[in-house]
Structures are given as structure tokens and as C-alpha cells.
Amino acid sequence: MKLKASGRGRVMNNSVVPMILFLGCALTLASCGPAKDYQAYRDQAGQGEQIFDRHFDLCYQMAYQKIKPIEGSSGAGQRLNWKREEFQRCMLDHNWVLK
């Protein structure tokens, strides 16, 4: 179904609006994850990028394992916040502070 815009003579396809909404949601969700690069963290102990990668993977896995078994009435947003807090706490324990 095509709609004609009033007064302009343009034809707008109905599939454009859902596509714009989808892209907006995708970009919003993509920005919600943890900062994943070495430059986003302050290296307080001078450990280097390879150690950062190991600590990042370790903290990410630990946070996922701790939050995964939670069931019940906790909402998805609350679980995501707990996972982020656990991840940041682990990174802080390894002397990595988000800039």
C-alpha cells in the first residue's frame, strides 16, 4: 500500500517507517554494552593490552555465570544492571577503571 504525501506529489512506502524504527532500536541497544576496548579504561597498574583482554574476558564470563541462574520475577533490565555492576566490580578489582 502506498500513500501519497499531501501537497508534494511524493509517494512514501509503508516499509520505510518500520525500517527507521528498527535501526533506531538497534543503535540504542548496541550502545548499552560494556566498553570493550583498551582505550576506554585507565590502566592504573600499567598491565598492558594483553592483560586487559584476559581480564575483560574473565570478568565478562564471571558476570554472565553469576547472573544466569537468577529466575523468578526479576525483570530483564534488572538482570542487565546486575550483570553490568558485577562486571565493573570485577574490572575494578583488577585495577581497570572506566574513563
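Okay, let's start with one residue, Tyr60, which counts as partly exposed at 36% relative accessibility. Keep that tyrosine in mind, because we'll come back to it. Before going on, I should say that this is a predicted model.

So, the layout. We've got three helices and four strands in the chain. If you walk along from the N terminus, the order is β-β-α-β-α-α-β. The chain has 99 residues, and buried ones make up 17% of them. On the outside, the accessible surface is about 7700 Å², with 57% of that belonging to carbon and sulfur atoms.

How much of the contact set joins residues at least 24 apart in sequence? It's 57%, counted among contacts between residues at least 6 apart.

Now the disulfide. The count here is one. Cys59 and Cys90 are the partners, and their sulfur atoms sit 2.1 Å apart. The link between Cys59 and Cys90 is left-handed, with -70° about the S-S bond. What does it tie together? Cys59 is in helix α2, residues 49-67, and Cys90 is in helix α3, residues 76-93, so the pair connects parts 31 residues apart in sequence. And are these two cysteines buried or exposed? Both Cys59 and Cys90 are buried.

On to the rings. I count eight aromatic pairs in this model. Let me take the one with Tyr38 and Trp96: their ring centres are 5.9 Å apart and the planes are at 70°, so that pair is edge-to-face. Where do these two come from? Tyr38 is in the loop between α1 (16-30) and β3 (41-43), while Trp96 is in strand β4 (residues 96-98), so the pair ties together parts that are 58 residues apart in sequence. As for cover, Tyr38 is partly exposed, at 22% relative accessible area. Trp96, on the other hand, counts as buried, with 1% relative accessibility.

And here's Tyr60 again. The rings of Tyr60 and Phe87 have centres 6.5 Å apart and planes at 75°, so this one is edge-to-face too. Tyr60 belongs to helix α2 and Phe87 to helix α3, so the pair ties together parts 27 residues apart in sequence. We opened with Tyr60 as partly exposed; its partner Phe87 is buried, at 3% relative accessible area.

If you step back, which residues form the aromatic cluster? They are Tyr38, Tyr41, Phe52, Phe56, Tyr60, Phe87 and Trp96, and they make one cluster. So both pairs I just showed you have their residues in that list.

Next, the core. The largest nonpolar core has 10 residues: Ala40, Tyr41, Phe52, Phe56, Cys59, Ala63, Phe87, Cys90, Met91 and Trp96. Helices α2 and α3 each supply at least two residues of it. Which element gives the most? That's α2, with four residues. Notice that the disulfide partners, Cys59 and Cys90, are in this core.

Let me stay with Trp96 for a second. Leaving out residues up to four places away in sequence, Trp96 touches Tyr38, Tyr41, Arg42, Asp43, Gln47, Gly48, Ile51, Phe52, His55 and Met91. Among those, Tyr41, Phe52 and Met91 are core members along with Trp96.

Then there's the charged side of things. In general, side chains of opposite charge can pair when their charged atoms come close. How many salt bridges do we get here? The count is one. The side chains of Arg89 and Glu86 meet at 2.9 Å, N to O. Arg89 and Glu86 both sit in helix α3, three residues apart, which is about one turn of the helix. Arg89 is partly exposed, with a relative accessible area of 43%. Glu86 counts as buried, at 18% relative accessibility, and the cut-off for buried is under 20%.

One last stop, Asn95. What's odd about its backbone? Phi of Asn95 is near 70°, a positive value in a residue other than glycine. You'll find Asn95 in the loop between α3 and β4. Asn95 is partly exposed, with a relative accessible area of 35%.

That's my tour, thanks.

Methods. Residues are numbered from 1 along each chain as its sequence is written. This is a predicted model: local features need pLDDT of at least 70, side-chain atom pairs count only at pLDDT 80 or more; totals for chains, interfaces and linings use all residues. Side-chain values use heavy atoms; hydrogens and water are left out. Buried means under 20% relative accessible area, exposed over 50%, partly exposed in between (1.4 Å probe, protein chains only). Contact means heavy atoms within 4.5 Å. Accessible areas come from the Shrake-Rupley method with a 1.4 Å probe; for residues, only the protein chains shown count as cover. A disulfide is a pair of cysteine sulfur atoms within 2.5 Å. Rings of Phe, Tyr and Trp (its six-membered ring) pair if their centres lie within 6.5 Å; planes under 30 degrees apart count as stacked, over 60 as edge-to-face and the rest as tilted. A salt bridge is a side-chain nitrogen of Lys or Arg within 4 Å of a carboxyl oxygen of Asp or Glu. A nonpolar core is a set of buried Ala, Val, Leu, Ile, Met, Phe, Trp, Tyr and Cys residues joined through side-chain atoms within 4.5 Å.
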